[in-house]
Amino acid sequence: MMDQAPRDAAYSSKPLNIVADENIPGLEDWFGDLGNITRLPGRTMTREQLRDADVLLVRSVTPVNENLLRDTPVRFVGSCTIGTDHLDTVWLEQRGVAWSAAPGCNANSVVEYVFCALAALDIDWRDRTFGIVGCGNVGGLLQTRLHQLGLSVVVYDPWLPDNPDAATLETVLKQQIVCLHAPLVKAEPHPSLHMLDTAMLDKLADDAVLISAGRGAVIDNNALLARLQRNPAFTAVLDVWENEPDINLSLLEQVDLASPHIAGYSHDGKLAGTRMIREALDRSPGLRPVSASHKDPASETKVISTEQSGFAAIRDLLLQMYNPRDDDRRLRAAADAHKQGGLPMAEAFDLLRKQYPKRLEFSHFRASTSQLDKSTRQQLTALGLQCS
């Protein structure tokens with residue numbers, strides 16, 4: 001459970017020392033009123049760097065456990081991401097360290113990534129069936145969006161057996177488009193590590209589309225590579241990978257669309273994560289109430305248009321807002337540079353995430369759609385685009 005209260009520490013009136021992943025946006029806006037902020041690379045944080053820290057703010061690349069926090073004064077850990085598999089929550093609770101993640105902060109961003117990936121592949125999803133593996137914040141929102149679009153969907157999530165679209169994993173994998181949004185769980189009763197192994201991958205149809213935007217190790221990447229080498233007709237979209245950031249370059253060569261774990265990297269989603277962790281920190285016992293003027297992202301509206309009709313119009317407008325091919329191109333260019341003696345792939349992967357361009361969600365765009373038929377306008381509205 002999140003937002004656990006610390007048993008043996010209280011925040012005093014003195015300024016807090018906050019250590020944060022350098023890639024968390026909006027830190028000064030949301031935490032600057034509390035004290036001093038030190039930004040560090042998240043993947044290489046050390047215990048020595050936390051010797052004076054009261055608060056630790058991370059993203060998913062920082063394993064937070066006894067090895068990192070032992071003998072430090074840290075009493076609150078906030079992960080500005082949706083997952084918690086990088087947090088040793090049992091140890092944190094045993095030590096009385098409050099913690100929180102930001103579930104759902106980037107769910108809309110990931111859902112938009114799914115539709116833009118399909119658009120980039122020129123796949124008209126309006127006559128396809130969908131299967132979702134993992135129906136939490138992201139998968140649940142995708143399920144809702146698909147229903148709003150009037151599409152057929154089944155879901156597999158053993159933690160949510162009462163889901164109205166619940167089906168077996170085998171049934172879900174038989175759908176034409178399969179989207180993976182399961183968290184990485186290694187323990188019983190429902191482990192997800194290598195949930196899609198050789199046997200399960202073989203249940204996918206040759207003309208299926210597999211989109212993985214949850215956790216990389218939910219798929220056995222070696223098994224996926226073997227499947228793609230055996231049958232290149234199978235379409236794979238990977239945003240998440242095993243052994244990040246040192247990803248399998250042979251697998252990168254085989255997938256149809258690749259990105260460096262940025263499906264949830266919309267500007268809106270990242271700022272929402274920062275805000276949610278500040279709110280969790282404010283709820284922690286012992287922290288004095290603070291009346292601060294926090295800043296949300298400025299409201300931006302961009303006008304886009306298309307001369308296409310039907311699905312071609314939808315595809316055109318989506319790719320104007322966000323084209324995953326740009327991320328694919330940058331990731332492959334980094335891999336090529338690495339092979340020619342450039343940066344180690346792990347460093348290049350992290351650099352792509354650190355330097356990721358500002359990506360706004362669909363709600364920031366307004367499309368002139370008066371020339372489009374009613375059905376197309378309704379579909380664009382269901383996707384979250386403003387239409388006029």
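Which side chain does arginine 128 meet in a salt bridge? Select arginine 128 and aspartate 127: their side chains meet in a salt bridge, N to O 3.8 Å (a side-chain nitrogen of Lys or Arg within 4 Å of a carboxyl oxygen of Asp or Glu). Arginine 128 is partly exposed at 25% relative accessibility, and aspartate 127 is exposed at 59% (buried is under 20% relative accessible area, exposed over 50%, partly exposed in between, with a 1.4 Å probe and protein chains only).

Before going on, note that this is a predicted model, in which local features need pLDDT of at least 70 and side-chain atom pairs count only at pLDDT 80 or more, while totals for chains, interfaces and linings use all residues. Residues are numbered from 1 along each chain as its sequence is written, and side-chain values use heavy atoms, with hydrogens and water left out.

**The sheet**

Next, select strands S1 to S5. They form an open sheet of 5 strands with parallel pairing, in the order S2-S1-S3-S4-S5 (two strands pair if DSSP finds at least two bridges between them; strands are DSSP runs of E, at least two residues, and helices are runs of H or I, at least four, numbered from the N terminus). Strand S2 (35-40) and strand S5 (98-100) stand at the edges with a single partner strand each, so one side of each has no neighbour in the sheet. From one strand to the next the twist averages 15°. Strand S1 (residues 16-21) runs parallel to S3, joined to it by 3 bridges. To see one pair, pick alanine 20, whose bridge partner in S3 is leucine 57.

Now add helix H10 (residues 267-282). Helix H10 lies across S3, strand S4 (76-79) and S5, at about 160° to S4 (axes are lines fitted to C-alpha atoms, for helices over the stretch in contact, and angles run from 0 to 180 degrees between N-to-C directions; contact means heavy atoms within 4.5 Å).

**Salt bridges across the chain**

The structure holds 17 salt bridges. Stay on helix H10 and select arginine 278 with aspartate 33: their closest N and O atoms are 2.8 Å apart. Aspartate 33 sits in the loop between helix H1 (27-31) and S2, 245 residues from arginine 278. Arginine 278 is buried at 0% relative accessible area, whereas aspartate 33 is partly exposed at 32%. Add Asp282 to show the network of salt bridges that links Asp33, Arg278 and Asp282.

Then move to aspartate 85 and arginine 215, which form a salt bridge at 3.0 Å, N to O. Aspartate 85 is in the loop between S4 and helix H3 (89-94) and arginine 215 in the loop between strand S9 (209-212) and helix H8 (221-230), so the pair ties together parts 130 residues apart in sequence. Aspartate 85 is partly exposed at 39%; arginine 215 is buried at 13%.

**Two buried side chains**

Select threonine 62, in the loop between strand S3 (55-58) and helix H2 (66-69). Threonine 62 is buried, with a relative accessible area of 2%. A polar atom of its side chain lies 2.5 Å from the backbone oxygen of glycine 42. Beyond four places in sequence, residues that threonine 62 touches include Asp21, Met45 and His86.

Finish at arginine 353 in helix H13 (residues 345-354). Arginine 353 is buried yet has no salt bridge, and the nearest side chain of opposite charge, aspartate 350, is 4.3 Å away (Lys and Arg count as positive, Asp and Glu as negative; His and the chain ends are not counted). A polar atom of the arginine 353 side chain lies 2.6 Å from the backbone oxygen of histidine 261.

Note on methods: Polar contact = N/O pair within 3.5 Å; in protein donor to acceptor, adjacent residues only side chain to side chain.
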